[in-house]
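Trainee: Could you take me closely through the backbone and the side chains around one unusual residue, and then connect that to other notable spots in the model?

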Amino acid sequence: VKSWADAFGGELYSIVTKYSGSLLLQKKYKDVEPTLKIKEVDGLELVKKFSEQMESMLRRKVEAVERLVEAAEDADLNHEYNSSLEFDYYNSLLINDKDENDNYVELGDEFILEPNEHFNNLLVNTTYSDIQLPTNVYNKDPDILNGVYMSEALNPIFVDNFERDPTLTWQYFGSSTGFFRLYPGIKWLPDENGVISFDCRNRGWYIQAATSPKDIVIIVDVSGSMKGLRMTIAKHTITTILDTLGENDFVNIIAYNDYVHFIEPCFKGILVQADRDNREHFKQLVDELQAKGVGTVNKALTESFKILREFREAGQGGLCNQAIMLITDGAVEDYEAVFEKYNWPDRKVRVFTYLIGREVTFAPNVKWIACNNKGYYTQISTLADVQENVMEYLHVLSRPMVINHDHDIIWTEAYMDSALFASQAQSLLLMTTVAMPVFSKKNETRSHGILLGVVGSDVPLRELLKLAPRYKLGVHGYAFLNTNNGYILSHPDLRPLYKEGKKLKPKPNYNSVDLSEVEWEDQDEILRTAMINGETGYLSMDVKVPVDKGKRVLFLTNDYFFTDISGTPFSLGVVLSRGHGEYILLGNTSVEEGLHDLLQPDLSLANEWIYCITDIDPDHRKLSQLEAVIRFLTGEEPDLECDEELVQEVLFDAVVTAPMEAYWTTLALNMSMETGTGVEMAFLGTRAGLMRSALYVGSEKISNR
């Protein structure tokens, strides 16, 4: 068996070396060795440089948003509210619609739409923004008309921002009255029931920008009087409150009747991060609540104040706002003693009360509780009232920010913009949103703290990763980004989609995948902790890397370099693998020499690599990377921006690998005389993304097409 194996191996080896020409290639690289420079890659320097470039790119996005905020606040300052305002605007649902007499419908004038590659080939209008309204908002309500009229001032700023920074994508203003102004303008299609459910005020970016981080305890009355419809409304109210919370908030839910019980016993006496998993868990438990017994509020209140105080004093939780949400159908007394003991005189905890049902007997007590604890009181008598009434608490919590005019810049975790364009097929891009609140500057209402809305812009994460190009990271090297909550923004092993039939759908928790789930070798969470704290540093680990879609595994030692991207909650990591990944080759070749070899027909470049930036200027979009590189080198397109270092490497590789072509051709000619050896094709790839190939048989005979 051994001699068979040796004979088999030897035969295979000689065929492969002969037809691939690997020995010739090695010799050619050996010949140019004296002129080469070999440089060791400094990972820390690399990650810092990438981080600075990312920071300046993200800063441009922030500046665009700041210009919009300023324009919106000034426009509001100069706008006099007019309750009988008549004003036609572009309503994104109605644009280009005609009635039976072939006239445009009201609010639906002609709006020119053209496909645009920069916006995933959607039909857009890059000179104007248009307005989207959810179905439950009346499109000619005076508040809406005044807001839309006032925000017309944003149009020139949208256009100017896009001209200044052509990498910007969607820019928008979500108003507290419910309308959503989107640039570039699009045609919005309703869902299959003819309803538009998208309400910008429920989106994560809006809520995060409108309020600061918050610790919230929800107390719900489950005594016998809550049976039936009241219980249904109460459950819906809790679910709606949970939907307004995000990664930076902390929450717990207490149900009370004769005694107090935490609806999740494991979370007794603490607050938990309101991430997706915890919110979904709470929603299931809320759904199972049943009404019985007699209600005693004071124990539940006492318990809540104690938890909030412990967290505040221990420096845990959101360290910002604290609130109790009391959901009940009435209070027999005002429980002054509890508040006096735990909340007065500082009133560090706001108490919001939601009176469920139509009864008004106990309303004064419930209202007194809210008003004496810097809160807000609403009565919810039907399911339809829930959304609007819950949203009110956000305005109260944002009041101090408004009065001080704290414009906090927020960045959201990664998400797919599928909600925005569910109606149109979009390549599901992961993106993050940068957003900022817009406040009313009018002197007479300044103390009321009126929030006008939120301005935002989307940043596709692949634009960020373009700043950490693969060729600088060597074989098996990669870059990844995560947030200060430990969630991944972008990582080669993050697979956010799954197949359902033929459709690709996002997994439910695609935006809350923790770093420890992908870099699982980091058992003691050293890397994770350092990156969450925004530290700069270095760490090496032995890792197992799947290749060929998981068919094989490589055992490697990887070096991890990481740093924070200042001005954002993100951290960047760069991974280099020991051995190949540590060194970089620098060859020097003249343009004339290299250009001649680049023009050979059997040569191509990796099209997904970025040698030249072709996606910004419309004239360059039709060029392939190879065409772009050639035009750049011949000087035909002086305004092409290219990565000179990478182009230099490609030229060097083109010259060194040029003799392969002649070698392969000679073999192919000789081969046609012999009987076929079963070799069909030879190909090579270099670290600069250059590829060459040669066929040994007619293309119709290839077994793997």
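Mentor: In this predicted model, H476 counts as partly exposed, because its relative accessibility of 29% falls between the 20% below which a residue is called buried and the 50% above which a residue is called exposed. H476 sits in the loop between α13 (461-465) and β18 (478-483), and its phi is near 60 degrees, a positive value in a residue other than glycine. That deserves a second look because most residues other than glycine have a negative phi.

L319 can be set beside H476: L319 is not a glycine either, yet has a positive phi of about 55 degrees, and it is found in the loop between α9 and β11 (321-328). L319 counts as exposed, because its relative accessibility is 60%.

The backbone has further points to inspect, since most peptide bonds are trans. Y183 and P184 are joined by a cis peptide bond with omega about -5 degrees, and P184 is placed in the loop between β6 (180-183) and α6 (204-210). A cis peptide bond also joins W344 and P345, with omega about -10 degrees, and P345 belongs to the loop between α10 and β12.

Turning to the side chains, the count of aromatic pairs comes to 26. One of them is formed by F305 and F339, an edge-to-face pair with 5.9 Å from centre to centre and 90 degrees between the planes. Because F305 lies in helix α9 (residues 297-313) and F339 in helix α10 (residues 336-342), the pair ties together parts that are 34 residues apart in sequence. Both F305 and F339 are buried.

For F352 and Y393, the ring centres are 5.8 Å apart and the planes stand at 70 degrees, so this pair is edge-to-face. The pair links distant parts of the chain, with F352 in strand β12 (residues 350-356) and Y393 in helix α12 (residues 386-404), 41 residues apart; F352 is buried, and Y393 is buried as well. Elsewhere, one aromatic cluster is formed by Y172, F180, W188, F198, W205 and Y206.

On the surface, E86, D88, D109 and E110 form a negative patch. Within that patch, E110 is located in the loop between α3 (43-77) and β2 (114-116), and E110 is partly exposed, with a relative accessible area of 48%.

How values were computed: Residues are numbered from 1 along each chain as its sequence is written. This is a predicted model: local features need pLDDT of at least 70, side-chain atom pairs count only at pLDDT 80 or more; totals for chains, interfaces and linings use all residues. Side-chain values use heavy atoms; hydrogens and water are left out. Patches are made of residues with over 30% relative accessible area and no salt bridge: like charges are joined within 9 Å, nonpolar side chains (Val, Leu, Ile, Met, Phe, Trp, Tyr) within 5 Å. Accessible areas come from the Shrake-Rupley method with a 1.4 Å probe; for residues, only the protein chains shown count as cover. A salt bridge is a side-chain nitrogen of Lys or Arg within 4 Å of a carboxyl oxygen of Asp or Glu. Lys and Arg count as positive and Asp and Glu as negative; His and the chain ends are not counted. The place of a charge is taken as NZ of Lys, CZ of Arg, CG of Asp or CD of Glu. Helices (H or I, at least four residues) and strands (E, at least two) are DSSP runs, numbered from the N terminus. Buried means under 20% relative accessible area, exposed over 50%, partly exposed in between (1.4 Å probe, protein chains only). Rings of Phe, Tyr and Trp (its six-membered ring) pair if their centres lie within 6.5 Å; planes under 30 degrees apart count as stacked, over 60 as edge-to-face and the rest as tilted.
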